[in-house]
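Q: Please take a close look at a single part of this model, the paired strands, and then follow the surroundings outward. I would like the cut-offs behind each term stated along the way.

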Amino acid sequence: MLTRLITSHPDIYDFSFLRDEELAAALVLSGHSHSGHAGRRCFQTTYLNERYVEYFAMPKTYKLIWLFRNPSSVVRSMLYNWADFPRLELYSSCGEQLDDGTPAKQCASSSLLQACSGYNGKIKQALTLWEKLPREQILFIEYEAVIKNSEVWIPKIFSFVGLSGAGIALPGKTRSSMIIPELTEEQKMTIRASCEQSYKKARERVLS
């Protein structure tokens, strides 16, 4: 959503020349493909995983927006929308201990705990970036807040990257015919116990 929103601005080059937007971005960002355009670009870098430290080696000319979401929605998607490999990859490369103190290595036998551990790992990465990058270079935003109050958040997002958001709206949501199960009450309780404090820390940065 966020990348499509920003690339809808006329001053940002839309390089989605392949059917898979994320693959197109990765090819350009890694130097394996060239867009042939010298303008500003916006990349989704979700899949850096453990290589997120590369942000620190880059020239400080970029702006980083970290979009996060409540753990129940993210973990539910990981359980029912993701294949096993990406969930396991996230867990093995980024997994962190749960908020209840359970070590990451003890989550290996449970898909639910793997997802919670991966969620916490991503939040920990974001908090590390928040502490080490200049405040004017990183922005935390919450998915639910942007959807609910887009008229407030769209101007903030574009102001952060030095552009006007006038006349720009959220991109239309892609509909899926796939119906995924709701979380059980037991699963919800596990997610709250495992991730709620990590989620709270991320939300505090939005208010900072």
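A: What follows starts with the paired strands and then moves to the aromatic residues, a pocket and two loop positions.

This is a predicted model, in which local features need pLDDT of at least 70 and side-chain atom pairs count only at pLDDT 80 or more, while totals for chains, interfaces and linings use all residues. Residues are numbered from 1 along each chain as its sequence is written, and side-chain values use heavy atoms, with hydrogens and water left out.

Helices (H or I, at least four residues) and strands (E, at least two) are taken as DSSP runs numbered from the N terminus, and two strands pair if DSSP finds at least two bridges between them. Strand β1 (residues 64-68) and β2 run parallel and are joined by five bridges. Along this pairing, L64 stands opposite I138 in β2, and W66 has F140 of β2 as its bridge partner.

For burial, the cut-offs are under 20% relative accessible area for buried, over 50% for exposed and partly exposed in between, with a 1.4 Å probe and protein chains only. Strand β2 (residues 138-142) has five of its five residues buried, so the rest of the structure largely encloses this strand. In a regular strand the side chains alternate between the two faces of the sheet. Both faces of β2 are covered, since I138, F140 and E142 on one side are buried, as are L139 and I141 on the other. Strand β1 is mostly covered, with four of its five residues buried.

The aromatic residues come next. Rings of Phe, Tyr and Trp (its six-membered ring) pair if their centres lie within 6.5 Å, and planes under 30 degrees apart count as stacked, over 60 as edge-to-face and the rest as tilted. Searching the whole structure gives five aromatic pairs. In the pair of Y52 and F56, the ring centres are 6.5 Å apart and the planes lie at 70°, so this pair is edge-to-face. The rings of Y55 and Y62 have centres 6.1 Å apart and planes at 35°, so that pair is tilted. Y52 counts as buried at 16% relative accessibility, whereas F56, at 27%, counts as partly exposed. Y55 is buried at 7% relative accessibility, and Y62 is buried at 14%.

Y62 is found in the loop between α2 and β1. With contact meaning heavy atoms within 4.5 Å, and leaving aside neighbours within four places in sequence, Y62 is in contact with Y55, F56, L133 and Q137. Y62 and L27 are 35 residues apart in sequence, and their C-alpha atoms are 18 Å apart in space.

One aromatic cluster is formed by F68, W130, F140 and Y199. A charge is said to sit over a ring if NZ of Lys or CZ of Arg is within 6 Å of the ring centre and within 35 degrees of the ring normal. The charged end of K63 sits in this way over the ring of F160, 4.8 Å from its centre, and that of K156 sits over the ring of W153, 4.6 Å from its centre.

The loop between α2 (21-29) and β1 also holds N49. Most residues other than glycine have a negative phi. N49 has a positive phi of about 50° although it is not a glycine, and N49 is buried, with a relative accessible area of 8%.

As for open space, a pocket is found on a 1 Å grid over the protein atoms alone, as an open set of points where a 1.4 Å probe fits, with protein on both sides within 12 Å along at least five of seven lines; lining residues have an atom within 4 Å of a point. The residues lining the second largest pocket include E96, D99, N120, K124 and Q197. Helices α5 (111-132) and α8 each supply at least two residues of that lining, and α5 gives the most, with four residues.

Finally, P171 lies in the loop between α7 (150-160) and α8 (185-207). P171 counts as partly exposed, at 26% relative accessibility. Not counting residues up to four places away in sequence, P171 touches M1, R4 and L5. P171 and E142 are 29 residues apart in sequence and 16 Å apart in space, C-alpha to C-alpha.
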